[in-house]
Amino acid sequence: MRIDIITLFPEMCDTVLNESVIGRARKKGVMEIVCHQLRDYAFDKHKRVDDSTYGGGMGMLMMAEPIALCFEDICARLGKKPYFIYLSPKGKTLSQDKVRELAGMENICLLCGHYEGVDQRVIDLYVDEEISIGDYVLTGGELPALVLTDSVCRMIPGVLSDDLCFEEESHYNGLLEYPQYTKPSVWRGIGIPDVLLSGHHANIEKWRRESSVLETARLRPDMLESAQLTEKERQLISKKTDGND
């Protein structure tokens with residue numbers, strides 16, 4: 001998989017993406033991530049990529065032409081058009097389902113906005129989808145692009161040591177992850193569930209599933225509307241909600 005990132009701060013993006021799990025995967029060639037400096041496609045000596053908005057108003061707007069030139073150059077290098085995403089607070093909120101969908105693509109390109117955003121015409125002409133990482137506004141699109149890149153890359157085979165590393169995590173199966181513990185078994189007088197010390201794998205898996213269901217009911221009950229639950233699990237939730245332990 002290849003991800004191209006159009007940004008005013010490629011060094012910022014590379015600094016993050018060269019570290020930890022994603023950095024190691026890049027070095028191994030499991031995936032390719034290329035960060036493009038948008039100012040390289042500016043057409044004046046000052047390398048300007050923004051201008052004032054028509055109709056007045058506060059702030060500057062990123063111009064369409066440098067973005068178009070950069071994206072067209074990426075298309076030419078790839079020999080095809082990648083799936084083009086603009087990181088925008090107006091976009092649909094990123095979800096695990098969307099991450100899974102994007103991870104199955106061969107090429108995606110991310111556009112990081114700045115200032116008051118980008119000229120609508122480049123969005124209308126080139127962008128396939130606008131994605132947000134939450135209902136708040138940041139100073140630029142680099143952090144959302146890094147979040148999306150990290151979430152997508154870790155689902156690519158070979159990035160993590162085992163698919164189970166993400167298959168049992170929060171949101172992957174529509175539920176939050178179960179509580180986890182490490183040594184010592186008693187810390188400051190607080191123990192861990194006995195089942196985790198039993199060595200009985202079937203019972204451990206049962207406890208993990210039930211705990212995952214209950215964690216979701218406690219912290220994110222909205223997720224239960226679309227979760228695939230058994231009747232027994234629904235009864236378990238009801239029992240806990242009613243306080244009948």
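Colleague: Which residues in α8 meet α9?

Modeller: In this predicted model, K206, R209, E210, V213, L214 and A217 are the ones from α8. On the α9 side you'll find K232, E233, L236, I237 and K240.

Colleague: And how do those contact residues divide into nonpolar, polar and charged?

Modeller: Five are nonpolar and six are charged, with no polar ones.

Colleague: OK, how do people describe two packed helices anyway?

Modeller: By the angle between their axes and the distance between those axes.

Colleague: So what angle do α8 and α9 pack at?

Modeller: About 55 degrees, and their axes are 10 Å apart. Helix α8 covers residues 201-219, and α9 covers residues 231-241. With that angle, α8 counts as oblique to α9.

Colleague: Is the crossing left-handed or right-handed?

Modeller: The crossing of α8 and α9 is right-handed.

Colleague: Switching to the sheet: what's the strand order?

Modeller: Reading across, β2-β1-β6-β5-β7. That's an open sheet of five strands, with parallel pairing.

Colleague: Which strands stand at the edges?

Modeller: β2 (32-37) and β7 (129-132). Each has a single partner strand, so one side of each has no neighbour in the sheet.

Colleague: How many bridges join β5 to β6?

Modeller: Five, between β5 (residues 83-93) and β6 (residues 107-112), and the two strands run parallel. For a landmark there, look for L87, which stands opposite C112 in β6.

Colleague: What does the twist average from one strand to the next?

Modeller: 30 degrees.

Colleague: Last one: which strands does helix α3 lie across?

Modeller: α3 (residues 64-78) lies across β1 (2-7), β2, β5 and β6. The helix runs at about 160 degrees to β1.

Methods:
Residues are numbered from 1 along each chain as its sequence is written. This is a predicted model: local features need pLDDT of at least 70, side-chain atom pairs count only at pLDDT 80 or more; totals for chains, interfaces and linings use all residues. Side-chain values use heavy atoms; hydrogens and water are left out. Axes are lines fitted to C-alpha atoms, for helices over the stretch in contact, and angles run from 0 to 180 degrees between N-to-C directions. Helices (H or I, at least four residues) and strands (E, at least two) are DSSP runs, numbered from the N terminus. Angles under 35 degrees count as roughly parallel, over 145 as roughly antiparallel, 65 to 115 as roughly perpendicular and the rest as oblique. A crossing is left-handed if the near helix is turned anticlockwise from the far one by less than a right angle, and right-handed if clockwise. Contact means heavy atoms within 4.5 Å. Ala, Val, Leu, Ile, Met, Phe, Trp, Tyr, Cys and Pro count as nonpolar, Asp, Glu, Lys and Arg as charged, and the others, Gly among them, as polar. Two strands pair if DSSP finds at least two bridges between them.
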